[in-house]
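Hi,

Here is the structure I said I would pass on. Have a look at it first, and then read my notes underneath.

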Amino acid sequence: NAPACDDPQFVLRMLARFAAPTNTASTLTYHEASATLLFPDDVSVSLQTRAPLRRLVEKLFELRLDQPGEDVGFDALIAVGWPNEQITLDAARNRLHVALSALRRLGLRDAIKAGPHGYHIDPLLTIRWRNGGG
């Protein structure tokens, strides 16, 4: 296996990321303490009472920060969104589809991208993860 930096897709993603202007108008912020997404137009969406959606956002943001452009697989998203649940494959697919649709309706339509191995947050977006109240 070649290192990630030798992967042509990785190189293309990094070139696109560095070539894109830093634009605070395309910054998404997630406040973990309040489970709130803050969008560029100062609109905020609370996921406090929607645990599966909150866990999915946290997983997608975590991967976006650690490995921009890499996909979170179907099985990993199901395990994160609905931990310790025994559900059929069809039910799991349906739950994930409904949850991702809900996140897109809440404002992540252009942020959540489908990839060859799952889903990811657009690597061209600037994201911030706030652990505390600030």
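Below is what I found in it, going from the overall layout down to single pairs of residues.

First, a caveat: this is a predicted model, so please read everything here in that light.

**Overall layout**

The protein has four helices and six strands. Starting at the N terminus, the order of elements is α-β-β-β-α-α-α-β-β-β. Of the 134 residues, 34% are buried. If you take the contacts with a separation of 6 or more, 57% of them are between residues 24 or more positions apart.

**The sheet**

Strands pair through backbone hydrogen bonds, and they can do that in a parallel or an antiparallel way. Here, four strands make up an open sheet with mixed pairing, ordered β3-β2-β1-β6. At its edges are β3 (44-46) and β6 (126-130); each has a single partner strand, so one side of each has no neighbour in the sheet. On average, and ignoring direction, neighbouring strands are turned by 15 degrees against each other.

Which way do β1 and β6 run relative to one another, parallel or antiparallel? They run parallel, and five bridges join β1 (residues 27-31) to β6. If you want a spot to zoom in on, Y30 sits opposite W129 in β6. Helix α2 packs on this sheet, where it touches β1, β2 (36-38) and β6, and its direction makes about 120 degrees with that of β6.

**The hairpin**

Strands β4 (residues 112-115) and β5 (residues 118-121) run antiparallel, with four bridges joining them. The connection from β4 to β5 is a hairpin through two residues. Within this pair, K113 stands opposite H120 in β5.

**Helix α2 against helix α3**

For two packed helices, the usual description is the angle between the axes plus the distance between them. For α2 and α3, the angle is about 135 degrees and the axes are 8 Å apart. That makes α2 oblique to α3, because the angle is neither over 145 degrees, which would be roughly antiparallel, nor within 65 to 115, which would be roughly perpendicular. The crossing is right-handed. On the α2 side the contact is made by P52, R55, L56, K59 and L60, and on the α3 side by L77, V80 and G81.

**Salt bridges**

Side chains of opposite charge can pair when their charged atoms come close. How many salt bridges does that give here? The count comes to two.

One of them is E62 with K59, where the closest N and O atoms are 3.8 Å apart; that falls within the 4 Å cut-off. E62 and K59 are three residues apart in helix α2 (residues 51-66), so about one helical turn separates them. Both ends are partly exposed: E62 has 38% relative accessibility, and K59 has a relative accessible area of 27%. K59 also turned up above, among the α2 residues in contact with α3.

R95 and E85 form a salt bridge too, with 2.6 Å between the closest N and O atoms. This pair links distant parts of the chain: R95 is in helix α4 (residues 89-108), while E85 is in the loop between α3 (74-81) and α4, ten residues apart. R95 is partly exposed, with a relative accessible area of 28%, and E85 is partly exposed as well, at 38%.

That's the lot from me.

Cheers

Technical notes. Residues are numbered from 1 along each chain as its sequence is written. This is a predicted model: local features need pLDDT of at least 70, side-chain atom pairs count only at pLDDT 80 or more; totals for chains, interfaces and linings use all residues. Side-chain values use heavy atoms; hydrogens and water are left out. Two strands pair if DSSP finds at least two bridges between them. A salt bridge is a side-chain nitrogen of Lys or Arg within 4 Å of a carboxyl oxygen of Asp or Glu. Buried means under 20% relative accessible area, exposed over 50%, partly exposed in between (1.4 Å probe, protein chains only). Axes are lines fitted to C-alpha atoms, for helices over the stretch in contact, and angles run from 0 to 180 degrees between N-to-C directions. Angles under 35 degrees count as roughly parallel, over 145 as roughly antiparallel, 65 to 115 as roughly perpendicular and the rest as oblique. A crossing is left-handed if the near helix is turned anticlockwise from the far one by less than a right angle, and right-handed if clockwise. Contact means heavy atoms within 4.5 Å.
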